[in-house]
Amino acid sequence: MTFPSEEQSAKQKAIDDWLPITSSRNAKWWYSAFHNVTAMVGAGVLSLPYAMAQLGWGPGVAILILSWIITLYTLWQMVEMHEMVPGKRFDRYHELGQHAFGEKLGLYIVVPQQLIVEVGVCIVYMVTGGKSLHKVHELLCKEPCKEIKLSYFIMIFASVHFVLSHLPNFNAIAGVSLAAAVMSLSYSTIAWSASVRKGVQPDVAYGYKAKTAAGTVFNFFSALGDVAFAYAGHNVVLEIQATIPSTPEKPSKGPMWRGVVVAYIVVALCYFPVALIGYWMFGNKVEDNILLSLEKPTWLIVMANFFVVVHVIGSYQIYAMPVFDMIETLLVKKLNFSPTRLLRFVVRNLYVAFTMFIGITFPFFGGLLGFFGGFAFAPTTYFLPCIIWLAIYKPRKYSLSWCINWICIVLGLCLMILSPIGGLRQIILQSKDYKFYS
């Protein structure tokens, strides 16, 4: 006779073995490295020269460096907290939030923010992939050349995800993620090296482009969101760490942290040269996607845009996987659906179709970065890990740990409050010049 508890435990294990995050735990430390590179380096790096143009040399350099340091610190916190309770792993961001704030409050705090980030990234990457394909078409198509609508290129980009989205878990997309990580380093190198080759433009200017003080301030706020968007890997870091095996003697935080350090070195090699050299060469006339400011050599820019497409394919999958996990967990555990291939097929296709539709309807690249970057990325990346750390470990008031965490919280709150204002204004301005479904 099987006891109900044993039957329930077996059923729970079968569900966990089916869900994307907990179905495979045999990843190596280098999986952490390229998954984190893929998650972080993406559309954000291409907007950094534009963000520099809105921030100016002094504030721009300071904010880039501070963001790199703060987000590395908060990422370390999350890696440490993954197994803070002996014998238990916090495989998902919201599980860590529930441990810190309680079962219900933790869900209410973390899940909406994480969903905004992950769904927002997928939408932005739909736009990025479509725009990069559109740029390749423009560069390769000789006169007379028929104009093809951006919405069609977004659909072409989405078609890949209608296939890849059915890979079951993080380890299954390891090859895609590795290719994406290599592509990110490649197109970042092309972006700054092609900028150097083009040289400083004759009419370059480094002053603020806006003609009014209000415009300058709003652009500054939007640029803060662009920078926040560039450091987004925290939203999937626990889910990535969940794929690494762990024992009391060899906890997962060791190989995970090794991969994070390698990833952040790659991030620095991508971000700082692109941001500083791109702004140096083009000044305040740089486009919100640096590759759009580069036309020659044609073959190199075509290659860079193609690399971007490959990279955002991998990044989309990295950010979509936790969303798939949330939806499938809700359907199977709460609504008692059977964990079948048909369920997964329907759920994932509907999600890809949804992000494609929103991307086609609102392809405002620069404004989307600023808005999503501040509204959701700042909390989950800059200060929510610090709040969780303070709630759980309760460091002594005015101690070094207490002070560092509160500094991060204050800076993160400034980002969260200010940057959506600038991003929303930019979306409104860009929407005036855009015909829907164009």
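**Entry 1. Lysine 253 and its partner**

I began with lysine 253, which counts as partly exposed at 33% relative accessibility. The model is a predicted one, and I read each entry below on that basis. I looked for a partner of lysine 253 and found a salt bridge with glutamate 80, the closest N and O atoms being 3.4 Å apart. Lysine 253 belongs to helix H11 and glutamate 80 to helix H4 (residues 57–81), so the pair ties together parts that are 173 residues apart in sequence. I noted that glutamate 80 is partly exposed as well, its relative accessible area being 24%.

**Entry 2. Other salt bridges**

I then searched the whole structure and obtained 8 salt bridges. One of them joins arginine 92 to glutamate 95, with 2.9 Å between the closest N and O atoms. I checked the accessibility of this pair and recorded both arginine 92 and glutamate 95 as buried.

I next examined glutamate 328 and arginine 344, whose side chains meet in a salt bridge at 3.1 Å, N to O. This pair links distant parts of the chain, since glutamate 328 is in helix H12 and arginine 344 in helix H13 (residues 341–361), 16 residues apart. Are the two partners buried or exposed? I entered glutamate 328 as buried, at 0% relative accessibility, and arginine 344 as buried, at 9%. I also traced salt bridges with shared partners, and these join Arg92, Glu95 and Asp325 into one network.

**Entry 3. A nonpolar patch on the surface**

I returned to helix H11 to look at its valine 261. Valine 261 is partly exposed, with 33% relative accessibility. Together with Leu185, Ile265 and Leu269, Val261 forms a nonpolar patch on the surface, and the accessible area of the four residues is about 320 Å². I asked which element gives the largest share of the nonpolar patch. The answer is H11, with 3 residues.

**Entry 4. The nonpolar cores**

I turned to the interior and found that the largest nonpolar core has 121 residues. The residues with the most contacts inside this core are Val45, Val227, Tyr231, Tyr271 and Tyr382. Helix H12 supplies the largest share of the core, 16 residues.

I listed the contacts of tyrosine 382, leaving out residues up to four places away in sequence. Tyrosine 382 touches Val227 and Tyr231, which are themselves among the residues with the most contacts inside the core. Its other contacts include Ser67, Ile70, Thr71 and Thr74, and also Ala228, Phe377, Cys408, Gly412 and Leu415. Apart from the largest core lies another, of 7 residues, among them Ile15, Trp18, Leu19 and Val332.

**Entry 5. Cysteines**

How many disulfides does a search of the whole structure find? I obtained 0. Cysteine 386 is in no disulfide, and the nearest cysteine sulfur, that of cysteine 408, is 4.2 Å away. The cut-off for a disulfide is within 2.5 Å, so a sulfur at 4.2 Å does not qualify. Cysteine 386 is buried, and I recorded its relative accessible area as 0%. Cysteine 414 is likewise in no disulfide; here the nearest cysteine sulfur, again that of cysteine 408, is 12 Å away. Cysteine 414 counts as partly exposed, at 39% relative accessibility.

**Entry 6. Three loop residues**

I located serine 293 in the loop between helix H11 (253–282) and helix H12 (298–334). Is serine 293 buried or exposed? I recorded it as buried, since its relative accessible area is 12%. Beyond residues up to four places away in sequence, serine 293 touches Lys198, Phe282, Val286 and Glu287. I also noted that serine 293 and alanine 191 are 9.7 Å apart in space, C-alpha to C-alpha, and 102 residues apart in sequence.

I then looked at backbone angles and marked asparagine 336, which is not a glycine yet has a positive phi of about 60°. Asparagine 336 sits in the loop between H12 and H13 and counts as exposed, at 59% relative accessibility. Lysine 394 also has a positive phi, of about 50°, although it is not a glycine. Its place is in the loop between helix H14 (365–393) and helix H15 (400–432). I entered lysine 394 as exposed, at 61% relative accessibility.

Notes:
Residues are numbered from 1 along each chain as its sequence is written. This is a predicted model: local features need pLDDT of at least 70, side-chain atom pairs count only at pLDDT 80 or more; totals for chains, interfaces and linings use all residues. Side-chain values use heavy atoms; hydrogens and water are left out. Buried means under 20% relative accessible area, exposed over 50%, partly exposed in between (1.4 Å probe, protein chains only). Helices (H or I, at least four residues) and strands (E, at least two) are DSSP runs, numbered from the N terminus. Contact means heavy atoms within 4.5 Å. Patches are made of residues with over 30% relative accessible area and no salt bridge: like charges are joined within 9 Å, nonpolar side chains (Val, Leu, Ile, Met, Phe, Trp, Tyr) within 5 Å. Accessible areas come from the Shrake-Rupley method with a 1.4 Å probe; for residues, only the protein chains shown count as cover. A nonpolar core is a set of buried Ala, Val, Leu, Ile, Met, Phe, Trp, Tyr and Cys residues joined through side-chain atoms within 4.5 Å.
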